[in-house]
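This briefing goes through a model with a bound ligand, topic by topic. It takes up the ligand's surroundings, then the charged pairs, then the cysteines.

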Amino acid sequence: MTKHTVEPGTVQETLLIPLYGRAVENRKAEAILRDPRAEEIVAAIDYDFSRFDGLPSLTGSVLRTTLFDRWVRDFLAAHPSGTVVELGAGLNTRHERLGSTQARWFDLDLPDVVALRRQFFTDTARRTTLAASVTDPSWLATVEEDADGPYFFCAEAVLPFLQGPEVRRILRLLAERFPGSLLALDTAGPEIVDAQTEHDALSKVEARMQWSCGNPAELATWLPGTKVHASHTLSSLPDGMYAQLPATYQDMIGRLAEQRLPQVEGYRLSLLRLP
Ligand SMILES: C[S@@+](CC[C@H](N)C(=O)[O-])C[C@H]1O[C@@H](n2cnc3c(N)ncnc32)[C@H](O)[C@@H]1O
């Protein structure tokens with residue numbers, strides 16, 4: 001069987017890190033999440049995933065995904081026919097994990113990633129793949145025309161790869177077009193962005209983070225009226241999520257909380273309500 005390829009040296013290559021994280025997690029007896037699709041996809045891609053073996057960031061990416069899953073699950077419990085938009089979806093399998101049939105769902109990524117995504121995922125009447133840069137405003141019009149609110153935008157591990165003014169513009173466009181919607185995003189502080197060539201996983205690829213943000217509350221100064229509903233580090237996850245983790249992960253998080261490592265404390269996962 002001919003395997004699929006991902007162009008090394010591009011920002012698209014970064015999608016392989018969380019994909020592999022979920023695949024590795026799926027093989028564990030005691031796991032944070034299950035993702036058999038990720039294992040199938042990894043097996044079908046021609047790439048030396050072993051370079052990521054054993055890296056702490058793999059577990060970090062799985063914890064991040066699990067928190068974003070929780071936020072989306074809560075949103076869909078309150079709004080079963082609401083709309084979820086994955087920005088920079090990569091080969092994310094959130095739709096598969098959350099199993100929503102009523103929700104309207106969009107997975108957006110750059111055209112070459114979407115071409116790869118289409119090898120593994122099929123659009124339906126309620127699930128649409130969008131080939132566009134998140135910075136291109138045309139996709140907002142498509143979502144607005146095709147789907148009713150309320151809206152949940154999920155930007156998992158994508159905005160730090162953009163320039164600060166681009167992130168600012170995207171937030172403004174989202175607030176203008178979809179006022180009151182929820183946005184989940186991650187932010188890396190300046191000390192993390194400055195030291196990224198030593199980052200365990202990013203040092204294995206060429207793509208680099210461009211935008212740093214030391215405090216997600218800063219985003220409310222960009223867009224007055226923005227509310228930070230929740231903001232966590234990987235060492236301070238919500239109690240309900242922590243309680244459901246296998247004991248080995250609880251121990252690991254306990255040790256992280258004691259160590260207060262700058263690369264952990266400066267990386268935040270936040271849920272915003274746009275004005
Ligand atoms: C680290 S991956 C995260 C993928 C996915 N969110 C996940 O958690 O599995 C970053 C993703 O952002 C996408 N990306 C980067 N710049 C983008 C842009 N300007 N527009 C849309 N997607 C972008 C990349 O192609 C890649 O799929």
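Of the 21 residues around the ligand, which come nearest? They are Gly88, Asp109, Ser133, Val134 and Glu156. The model is a predicted one, and the points below should be read with that in mind.

**Surroundings of the ligand**

- Gly88 approaches through its backbone, where a polar atom is 2.7 Å from a nitrogen atom of the ligand.
- Asp109 uses its side chain instead of its backbone, a polar atom of that side chain lying 2.7 Å from an oxygen atom of the ligand.
- Glu156 places a backbone N or O atom 2.8 Å from a nitrogen atom of the ligand.
- The ligand taken alone exposes 590 Å², and the protein buries 96% of that area.
- Two elements, helix H1 (16-26) and strand S2 (104-109), give two or more residues to the shell around the ligand.
- Sorted by class, the shell around the ligand consists of twelve nonpolar, six polar and three charged residues.

**Salt bridges**

- Across the whole structure, a search finds 19 salt bridges, of which three are described here one by one.
- Arg94 pairs with Glu86, and the closest N and O atoms of this salt bridge are 2.5 Å apart.
- Are the two partners of that pair buried or exposed? Arg94 is buried, with a relative accessible area of 1%, and Glu86 is likewise buried, with a value of 1%.
- Arg94 and Glu86 also belong to a network of salt bridges that links them with Arg22, Asp35, Arg64, Asp69, Arg97, Glu156 and Asp186; Glu156, a member of this network, is also one of the residues that come nearest to the ligand.
- Arg37 forms a salt bridge with Glu40, in which the closest N and O atoms are 3.2 Å apart.
- Both Arg37 and Glu40 lie in helix H2 (residues 36-43), and their separation of three residues corresponds to about one turn of the helix.
- Arg37 is partly exposed, having a relative accessible area of 23%, and Glu40 also counts as partly exposed, at 49% relative accessibility.
- Arg118 forms a salt bridge with Asp123, the closest N and O atoms here being 3.6 Å apart.
- Arg118 is partly exposed, with a relative accessible area of 44%, while Asp123 counts as partly exposed at 31%.

**Cysteines**

- How many disulfides does the model contain? The count comes to zero.
- Cys154 takes part in no disulfide, and the nearest cysteine sulfur, which belongs to Cys213, is 18 Å away.
- Why is Cys213 without a bonded partner? The closest cysteine sulfur, in Cys154, is 18 Å from that of Cys213, which is too far for a bond, because a disulfide requires a pair of cysteine sulfur atoms within 2.5 Å.
- Both side chains can also be placed by their accessibility: Cys154 counts as buried at 0% relative accessibility, and Cys213 is buried with a relative accessible area of 3%.

Note on methods: Residues are numbered from 1 along each chain as its sequence is written. This is a predicted model: local features need pLDDT of at least 70, side-chain atom pairs count only at pLDDT 80 or more; totals for chains, interfaces and linings use all residues. Side-chain values use heavy atoms; hydrogens and water are left out. A salt bridge is a side-chain nitrogen of Lys or Arg within 4 Å of a carboxyl oxygen of Asp or Glu. Helices (H or I, at least four residues) and strands (E, at least two) are DSSP runs, numbered from the N terminus. Buried means under 20% relative accessible area, exposed over 50%, partly exposed in between (1.4 Å probe, protein chains only). A residue is near a molecule or strand if one of its heavy atoms lies within 4 Å of it. A polar contact is a pair of N or O atoms within 3.5 Å; within protein, one must be able to donate a hydrogen and the other to accept it, and residues adjacent in sequence count only if both atoms are side-chain atoms. Accessible areas come from the Shrake-Rupley method with a 1.4 Å probe; for residues, only the protein chains shown count as cover. Ala, Val, Leu, Ile, Met, Phe, Trp, Tyr, Cys and Pro count as nonpolar, Asp, Glu, Lys and Arg as charged, and the others, Gly among them, as polar.
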